[in-house]
Amino acid sequence: MSADTPALLDVRDLHTHFPVHSGVLQRTTGWVKAVDGVSFTIAPGETLGLVGESGCGKTTVGRTILRLIPATSGQVLYKDRDVLKLSRREMQPLRREMQIIFQDPAGSLNARLRAGRIVGEPIEVHGLARGAELRKQVEQLLERVGLPSSAADRYPHEFSGGQRQRIGIARALALHPKLIICDEPTSALDVSIQSQILNLLKDLQRDLGLSYLFISHDMAVVQHICDRVAVMFRGRIVEMSGRDAIYSNPQHAYTQTLLAAVPEPTPRRRRRHAPYVPEDESATAPASA
C-alpha cells in the first residue's frame, strides 16, 4: 500500500480475550489471549493474507473486525470510523459494506432454505428490493458467481461443495460490499475446485474493486491471491511484508518453517528445516530429528 493511499481498514492493537472458568462456581481463573495486539491496514482494492497454523487466532481476528465476536480492546477503523464504538443502529449501514465468506460452505448455508432465499435474504432485510426485482437481482448474483439462474430454486444439499461456496460468495456480494473477510474459503474444497474459487475471487476483485482480508493456513494459496502477507503466531503478527518479499526472503523463523512445510512439486528435492521453537519453550522443547 502506498503511503499516500488512505486505508479502507485500519486495525490497531486489537485484543480479543476469552475467560477461563473453573470450579463449582465457575469463577474466572484465567484468560485465553486469542488475539493479543494485532495491527494492520488494508487499502482499497488490496488483498491482505493473514496466515498461520490452526488455533493461532486468525479467524478470531476476522470475526472481531465484523463484531461477530466482542473485542477486549483496540481499534477497528473502517473509513476512519471506529467500528468497535458504534451502536447497533450505527453499525447497520456499515454491515452492507463489510461481509464474510465462511470456511464451511455446507455449514454456513441454511439447509431449509432454497439458494435464492439464502442469497436474497440480505437484500430483503436491508430493504433494497422485493418481489420480482429481488428475484432478478438474485439470479444476476448467481450467474455472476458461475451458477445458472435456475439454481435459485434448489436446496443446498443439491449442490457440490464448490457450488455451495459460490452461493456463499453470491450472498456476500448481495449488498455490494467494499470489504470481504475470506475465512479460509477454499480449505474445505478439492484442489481442482480451489483454483476455480480463487480465480473467481480475483475476477470479482478486479471487476468490483473489492478489498479482501484472506485468512488461510495454506501458504501456496496465499501466494496466489494476496498482495501482502501477515504471518500470525499465538495471537500476534510476527512478520508482515509484500508477497514476493516474504516468499523470497522470510525474516522470522516461524515464517521460514511455514514456507518449508509447503509441499514440494519435485518430490526428490527435500528441504531441510528445523521446527520453530519459541524462546519461552526452548528449555523444554525436544531436540529436532
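Axes here are lines fitted to C-alpha atoms, for helices over the stretch in contact, and the angles between them run from 0 to 180 degrees between N-to-C directions. With that in mind, open the structure, which is a predicted model, and begin with a pair of helices.

**Stop 1: α5 and α6**

Select helix α5 together with helix α6 (residues 191-208), which pack at an angle of about 20 degrees with their axes 10 Å apart. Because angles under 35 degrees count as roughly parallel, α5 is described as roughly parallel to α6. Looking along the pair, you will find that α5 passes α6 in a right-handed crossing.

To see the contact itself, display the side chains of Gly162, Arg166, Ile169 and Leu173 in α5, which meet Ile193, Gln196, Ile197, Leu200, Leu201, Leu204 and Leu208 in α6. Colouring this set by class gives 8 nonpolar, 2 polar and 1 charged residues in the contact of α5 with α6.

**Stop 2: α3 against α5**

Keep α5 (residues 161-173) on screen and add helix α3 (residues 115-125), since the next contact is between these two; their axes come within 7 Å and cross at roughly 25 degrees. That angle makes α3 roughly parallel to α5, and α3 passes α5 in a right-handed crossing.

Which residues make the contact of α3 with α5? On the α3 side, select Ala115, Ile118, Val119 and Pro122, and on the α5 side select Ile167, Ala170 and Arg171. By class, this contact has 6 nonpolar residues, no polar residues and 1 charged residue.

**Stop 3: α3 against α4**

Now hide α5 and bring in α4 (131-144), whose axis comes within 9 Å of that of α3 and crosses it at roughly 120 degrees. At this angle α3 is oblique to α4, and the crossing of α3 and α4 is right-handed.

In α3, select Gly116, Val119, Gly120, Ile123 and Glu124, and then, in α4, the residues that they meet, namely Leu134, Gln137, Val138, Leu141 and Leu142. The class count for the contact of α3 with α4 is 6 nonpolar, 3 polar and 1 charged residues.

**Stop 4: the buried residues of α3**

Restore α5 and switch to a surface or accessibility view of α3, where the buried residues are Ala115, Gly116, Ile118, Val119, Gly120, Pro122 and Ile123. What covers these buried residues includes both α4 and α5. Before leaving this part of the model, step just past the end of α3 to glycine 127, which takes a positive phi of about 70 degrees.

**Stop 5: glutamate 46**

Move next to the loop between β2 (27-42) and β3 (47-51), and select glutamate 46, which is found there. Is glutamate 46 buried or exposed? With a relative accessible area of 6%, glutamate 46 is buried, because buried means under 20% relative accessible area. Show the backbone of alanine 43 as well, and you can follow the side chain of glutamate 46 to the backbone nitrogen of alanine 43, which it reaches at 2.9 Å.

**Stop 6: proline 6**

Finish in the segment before β1 (9-22), where proline 6 is found. In contrast to the previous stop, proline 6 is exposed, with a relative accessible area of 60%. Add threonine 41 to the selection and draw a distance between the two C-alpha atoms: proline 6 and threonine 41 are 35 residues apart in sequence and 9.4 Å apart in space.

Terms used. Residues are numbered from 1 along each chain as its sequence is written. This is a predicted model: local features need pLDDT of at least 70, side-chain atom pairs count only at pLDDT 80 or more; totals for chains, interfaces and linings use all residues. Side-chain values use heavy atoms; hydrogens and water are left out. Helices (H or I, at least four residues) and strands (E, at least two) are DSSP runs, numbered from the N terminus. Angles under 35 degrees count as roughly parallel, over 145 as roughly antiparallel, 65 to 115 as roughly perpendicular and the rest as oblique. A crossing is left-handed if the near helix is turned anticlockwise from the far one by less than a right angle, and right-handed if clockwise. Contact means heavy atoms within 4.5 Å. Ala, Val, Leu, Ile, Met, Phe, Trp, Tyr, Cys and Pro count as nonpolar, Asp, Glu, Lys and Arg as charged, and the others, Gly among them, as polar. Buried means under 20% relative accessible area, exposed over 50%, partly exposed in between (1.4 Å probe, protein chains only). A polar contact is a pair of N or O atoms within 3.5 Å; within protein, one must be able to donate a hydrogen and the other to accept it, and residues adjacent in sequence count only if both atoms are side-chain atoms.
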